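Please read the following account alongside the sequence and the coordinates. It moves from a single residue outward to the strands around it, and then to the overall fold.

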Amino acid sequence: MAKIAPSVLGADFAHLAEEVSDATSAGADMLHLDIMDGHFVPNISFGPAVVEAISRETDLFLDVHLMLSQPEKYIEPFVKAGADAVTFHIEVHPHPVELARQIKALGVQCGISLNPDTPVEAVLPYLAGFDILLVMSVFPGFGGQHFIESVLPKITAAREAIDRSGLSTRILVDGGVDADNASRVVSAGADILVMGTAFFRAPDRAALVKMVHGLQK
Ligand code: DX5
Ligand code: ZN
């Protein structure tokens, strides 16, 4: 069974509490929270205060995706705000083992992410130290972009490496994932689909969750 992580970036920020509680009752498995610094990516989103507000509205697992040039500075504030997992990018931390250790020492899961133009080989040596591999299927910074198809073989390569080594690292795919490409993304090897626009603009969110839950690898 595949899982779904609605990305709050796609929600109506003027009604954030309702959006979060609606995603929870629609059956979402977790929430994906995109943190952007205007430096690693050309956009700014929200910070720990908003994560803390979201954590008061839901018991869902909060998957915090740090698109920051200096993630090490912000791990503790996001954990204090209620993050259950913190993911940072290999592009800013080419030697990520120590940062993973620091994240886990705070009692949360840790994830590593890679951009569409970063080869999967950049993260393979480190997967044993991570609970999550977040494969970007758009260049990060904005919701509502088109899924980059050429990322599919990368998902499969990561899946094979994880299975071959008997790891429990979960593969999340993030960017442009929707009802049309979901089954291909899961067939390629994804465990969890991040959906911003596709989830929050879906005419029937619960039906979308059900469809994703029906997908098998
Ligand atoms: C992109 C973010 C994504 C984004 C996904 O920088 O990391 O999580 O919110 O949004 P959609 O599903 O609209 O591509
Ligand atoms: Zn994201």
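Val 173 has a relative accessibility of 0% and therefore counts as buried, the cut-off being under 20%. In this predicted model, Val 173 is placed in strand 7. Leaving aside residues up to four places away in sequence, Val 173 touches Val 135, Ser 137, Phe 147, Ile 155, Val 185, Ala 190, Ile 192, Leu 193 and Val 194. The C-alpha atom of Val 173 is separated by 19 Å from that of Phe 40, a residue 133 places away along the chain.

The strand that holds Val 173 is mostly covered, with 4 of the 5 residues of strand 7 buried. Strand 7 comprises residues 170-174 and runs parallel to strand 6, to which it is joined by 5 bridges. Two of the residue pairings can be located directly in the model. Leu 133 stands opposite Ile 171 of strand 7, and Met 136 has Asp 174 of strand 7 as its bridge partner.

Strand 6, formed by residues 132-136, is largely enclosed by the rest of the structure, because 5 of its 5 residues are buried. The cover extends to both faces of strand 6. On one side lie Ile 132, Leu 134 and Met 136, and on the other Leu 133 and Val 135, all of them buried. Val 135 is also among the residues touched by Val 173.

From strand 6 the pairing continues to strand 5. These two strands pair in the parallel sense over 4 bridges, and Gly 111 stands opposite Ile 132 of strand 6. Strand 5 spans residues 109-114 and is itself mostly covered, 5 of its 6 residues being buried. Strand 5 is also joined by 5 bridges to strand 4, residues 85-89, and this pair runs parallel as well. Within this pairing, Ala 85 has Gln 109 of strand 5 as its bridge partner.

Which residues does Met 30 touch, not counting residues up to four places away in sequence? The set consists of Ile 4, Ala 5, Pro 6, Leu 60, Phe 61, Asp 63, Arg 170, Leu 172 and Ile 192. Ile 192 appears among the contacts of Val 173 too. Met 30 belongs to strand 2, which covers residues 30-36, and its relative accessibility of 3% means that it counts as buried. Although Met 30 and Lys 210 are 180 residues apart along the chain, their C-alpha atoms are separated by 14 Å.

Is Arg 159 buried or exposed? With a relative accessibility of 11%, Arg 159 counts as buried. Arg 159 is located in helix 5, residues 152-164. Beyond residues up to four places away in sequence, it touches Thr 169, Ile 171, Ala 188, Gly 189, Asp 191 and Lys 217. Of these contacts, Ile 171 is the residue of strand 7 that stands opposite Leu 133.

Asp 12 offers a contrasting environment: it is partly exposed, with a relative accessible area of 38%. Asp 12 lies in the loop between strand 1 (3-6) and helix 1 (16-25). The C-alpha atoms of Asp 12 and Gly 166 are separated by 40 Å, the two residues being 154 apart along the chain.

These local views can now be set within the whole protein. The protein contains 8 helices and 8 strands. For 217 residues, a compact globule would have a radius of gyration near 17 Å, and the value of 16 Å for this protein agrees with that expectation. The C-alpha trace spans about 40 × 35 × 30 Å along its principal axes. Buried residues account for 51% of the 217 residues.

The contacts of the chain can be described in terms of sequence separation. Among contacts between residues at least 6 apart in sequence, 64% join residues at least 24 apart.

Finally, the surface and the charges complete the description. The accessible surface comes to about 9,300 Å², and 53% of it belongs to carbon and sulfur atoms. There are 15 positive and 27 negative side chains in the protein, and the centres of these two sets lie 4 Å apart.

Key. Residues numbered from 1 in each chain as written. Chains lettered and ligands numbered in written order. Predicted model: local features only at pLDDT ≥ 70, side-chain atom pairs only at ≥ 80, totals over all residues. Heavy atoms only, no water. Rg over C-alpha atoms; globule rule 2.2 N^0.38 Å. Buried < 20%, exposed > 50% of the residue type's maximum accessible area, 1.4 Å probe, protein only. Contact = heavy atoms within 4.5 Å. Areas by Shrake-Rupley, 256 points an atom, 1.4 Å probe, with all protein chains shown as cover. Lys, Arg positive; Asp, Glu negative; His and termini not counted. Charge placed at Lys NZ, Arg CZ, Asp CG, Glu CD. Pairing = 2+ DSSP bridges.
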